[in-house]
Amino acid sequence: LEALFTPPLLTGQHVLITAGPTFEAIDPVRGITNLSSGKMGFAIARAARAAGAQVTLVAGPVHLPTPRGVRRIDVRSAQNMLAIVEEKAREATIFIAAAAVADWRPATAALHKIKKDGTGDVPALEFVENPDILATVARTERARAGRLYCVGFAAESENLLEHASAKRERKGVPLLVGNIGPATFGQDDNALLLVDAQGHRELPRASKEALGHQLVAEIARRLAAV
Ligand code: CTP
Ligand code: CA
């Protein structure tokens, strides 16, 4: 694999990556979250670093070691993640949104632990939509001027190509990567579907580590072409 990166494909690039789930508090001891181990995002961070890039990894709550040579910033909620990403995106040249962001959060987080009231009544939770981090970044001046190349992921349970293509256009990103099912949460391997303006291609089932390297090579090739 080393040979793949000589000369390093991403020298001079600054890659910003989100990874893992977000956690949205209900009260101080409870919350809602998404299924995501963070493995794919962390593998991409390692691959980007090996390809010579400066790498910033914004991670939700995961149990993974920080890749060597990568700057890692831990966050909890989607709002925390957005704040850090907006700041770091000002200097990045590539943004890869691999995080499984919770789409909704409780409208308010209770200050103290919600107690059972003894009647069997359950708390009525109200939700509000979280900001779309990828779409927000893709709309920035930098991204629209082509100085920040944005890559999204898509988690779908059906009609992957159709949904991924629609999502690519809706989010306004040049490259959208679909996870080819069945669910790969927490697994060490995966298969990916790459969708761009030219069409689509599949990266067949392999370790997330190997797919990270292949994805980095695909991104570098697209950057070189513009
Ligand atoms: N994403 C994001 N912020 C959100 C939701 C999603 O940055 N609040 C990013 C994800 O990291 C991923 C892409 O957007 O790169 C697509 O996420 P996905 O959950 O598949 O799509 P959604 O737009 O949330 O639509 P839905 O879940 O309804 O399919
Ligand atoms: Ca979603």
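Here is a short tour of a predicted model, going from the whole chain to the sheet, the helices on it and the ligand.

**The whole chain**

Start with everything shown as a cartoon. You should find 6 helices and 12 strands in the chain. The radius of gyration comes to 18 Å, close to the 17 Å that the globule rule gives for 226 residues, so the chain is as compact as a globular protein of that length. Turn on the principal axes if your viewer has them: the C-alpha trace spans about 65 × 35 × 35 Å along them.

Colour by burial next, and 38% of the 226 residues come out as buried. If you like contact maps, look away from the diagonal: of the contacts between residues at least 6 apart in sequence, 63% join residues at least 24 apart.

**The sheet**

Now hide the helices. In what order do the 8 strands of the open sheet run? Reading across, you get β5-β4-β1-β6-β9-β10-β11-β12, with mixed pairing. Select 71-74 and 199-207 to see the edges: these are β5 and β12, and each pairs on one side only. Direction ignored, neighbouring strands of this sheet are turned by 15° against each other on average.

Zoom in on β1 (residues 14-19) and β6 (residues 94-97). The two run parallel and are joined by 4 bridges. For one pair to click on, take Ile 17, whose bridge partner in β6 is Ile 96.

**Helices on the sheet**

Bring the helices back, beginning with α1, residues 39-50. Helix α1 packs on the sheet and touches β1, β4 (54-59), β6 and β11 (189-196). Compare its direction with that of β1 and you get an angle of about 165°.

Then select 208-224, which is helix α6. This helix also packs on the sheet, and its contacts are with β6, β9, β10 (175-179), β11 and β12. The direction of α6 makes about 150° with that of β12.

**Around ligand 1**

Last stop: centre on ligand 1 and show its shell as sticks. Which residues come nearest to ligand 1? Of the 15 around it, they are Ala 97, Val 101, Ile 133, Leu 134 and Gly 152.

Colour the shell by element of secondary structure, and look for α3 (133-138) and β9 (149-154), which each supply at least two residues. β9 gives the most, with 3 residues. Recolour by residue class to finish: the shell around ligand 1 divides into 9 nonpolar, 3 polar and 3 charged residues.

Key: Residues numbered from 1 in each chain as written. Chains lettered and ligands numbered in written order. Predicted model: local features only at pLDDT ≥ 70, side-chain atom pairs only at ≥ 80, totals over all residues. Near = placed C-beta within 6 Å. Nonpolar A, V, L, I, M, F, W, Y, C, P; charged D, E, K, R; others polar. Rg over C-alpha atoms; globule rule 2.2 N^0.38 Å. Buried ≥ 20, exposed ≤ 12 C-beta atoms within 10 Å, placed from the backbone. Contact = placed C-beta atoms within 7 Å. Pairing = 2+ DSSP bridges. Axes fitted to C-alpha atoms, helices over the stretch in contact; angles between N-to-C directions.
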